[in-house]
Amino acid sequence: LTDLLSLSPLELQAKLNGIYEHSPWVAESAFPDETVVQSLKSLQDVFRVMKKAVGGASLDRKITLLKEHPDLCKRAAVDMEGLTASSREEQAKAKLGQLTEEEYSFFTKTNDEYRSKFGFPFILAVRNATKQTVLQAIKARVKNTYEREFAASLAQVHKIAWMRLIAMIDLPESNRGFLTCHVLDTAGGCPAANMRIELYRLNDGRPTFIQSYVTNEDGRLCGGPALKGNDFQVGTYQWIFYVGDYFSSTNVDTSGCPFLNEVPIQFGIDDPEAHYHVPLLVSPYGYSTYRGS
């Protein structure tokens, strides 16, 4: 990021000209002079300025931007020629080339209906999606009104751009966010002290152990954030809360075979500069979570 923000406007335009598919005009409009470039302090600043450039473009230019995106179905399943390197990588991650005959037939038929109705290709940020995500999304979105789908498609374009940006730029530790946790015992109406927790990173669904923790008297992690600095990376993670062990040490009645023994919570970190607080509110018979701050 430090190197990126030290570039001249022309250098920055060249560096980021592929963030929006086949649309270098976005970077050119976003970073016209030194004043804009010098105002940038974070990756979110860079993205915000680029998103604003798209928002200020004419309707015709926005439609052209949508049309620059590849046809997920035909190009992924039949012919990968013509895709940018980024699009090729994103579609490969979603395994769109592995559609069954039935899935491919459905996708082709629905995709043709979509194009005929809206006049631009079906767009979905597929870097972290599966083929089931894509199939369900196109089935639902083909029923949208033009106005609603135009807005939904632009939102997907921005999501694709954001994921390309964070994949391209390495952040210094000073710009990185952190991960925290807090466990509340809703049956006892108190913090869940001395609960064992494990954190894993998931790569293609396979867990890699990161660390084990025990909550303090306030139900928080001893030693501060679970992830911070260079350990705080975009990706999919999983907490495992050993709630059965915890409730066995309390005065709360539980069943002989615990209804909840281990509680896994899978979550994604999308913004490498943000604070992600992923707590657990739990009793022997139910739990909830949310993204806090």
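## A hairpin to start with

V282 stands opposite Y287 in strand 11. Strand 11 covers residues 286-288 and is joined to strand 10 by 3 bridges, the two running antiparallel. A hairpin links strand 10 to strand 11 through 2 residues. Strands here are DSSP runs of E with at least two residues, helices are runs of H or I with at least four residues, and both are numbered from the N terminus. Two strands count as paired if DSSP finds at least two bridges between them.

Strand 10 (residues 280-283) also pairs with strand 2 (residues 183-185), this time in the parallel sense over 3 bridges. V282 turns up again here, as the bridge partner of D185. As background, strands of a sheet pair through backbone hydrogen bonds, either parallel or antiparallel.

## What you are looking at

This is a predicted model, in which local features need pLDDT of at least 70 and side-chain atom pairs count only at pLDDT 80 or more, while totals for chains, interfaces and linings use all residues. Residues are numbered from 1 along each chain as its sequence is written, and side-chain values use heavy atoms, with hydrogens and water left out.

The protein chain holds 12 helices and 11 strands. Its C-alpha trace spans about 65 × 50 × 30 Å along the principal axes. Of its 293 residues, 47% count as buried, where buried means under 20% relative accessible area, exposed over 50%, and partly exposed in between (1.4 Å probe, protein chains only). The chain exposes about 14900 Å², and carbon and sulfur atoms supply 49% of that area; accessible areas come from the Shrake-Rupley method with a 1.4 Å probe, and for residues only the protein chains shown count as cover.

Contacts in this chain often reach across the sequence: among those between residues at least 6 apart, 69% join residues at least 24 apart. Contact means heavy atoms within 4.5 Å.

## Two nonpolar cores

A nonpolar core is a set of buried Ala, Val, Leu, Ile, Met, Phe, Trp, Tyr and Cys residues joined through side-chain atoms within 4.5 Å. The largest one has 53 residues, and L16, Y20, F31, M50, F122 and L165 touch the most other members. The elements that give two or more residues to this core are helix 3 (25-30), helix 5 (43-55), helix 6 (59-67), helix 9 (101-118), helix 10 (131-141) and helix 11 (146-168). Helix 11 provides the largest share, 9 residues. Apart from this core lies another, of 28 residues, among them C181, Y237, F241 and V263.

F122 is a good residue to click on in the viewer. Not counting residues up to four places away in sequence, F122 touches P70, L72, F107, N111, Y114, V134, A137, I138 and R141.

## Strands 7 and 8, and a three-stranded sheet

Strand 8 (residues 263-269) has side chains that alternate. V263, I265, F267 and I269 point to one face and are buried, whereas P264, Q266 and G268 point to the other and are not. Strand 8 pairs with strand 7 (residues 235-241) in the antiparallel sense over 7 bridges, and I240 stands opposite P264 in strand 8.

Elsewhere in the list of strands, an open sheet of 3 strands has the order 6-1-9, with mixed pairing. Strand 6 (227-228) and strand 9 (275-277) are its edge strands, each pairing on one side only. Strand 1 (residues 178-180) and strand 9 run parallel and are joined by 3 bridges. L179 stands opposite Y276 in strand 9.

## Residues worth a closer look

Two residues that are not glycines have a positive phi: H22, at about 50°, and D204, at about 55°. H22 is found in the loop between helix 2 (9-15) and helix 3, and counts as partly exposed because its relative accessibility is 43%. D204 is found in the loop between strand 4 (196-203) and strand 5 (206-214), and its relative accessibility is 70%, so D204 counts as exposed.

D45, in helix 5, is buried, with a relative accessible area of 16%. Leaving aside neighbours within four places in sequence, D45 is in contact with S39 and L40.
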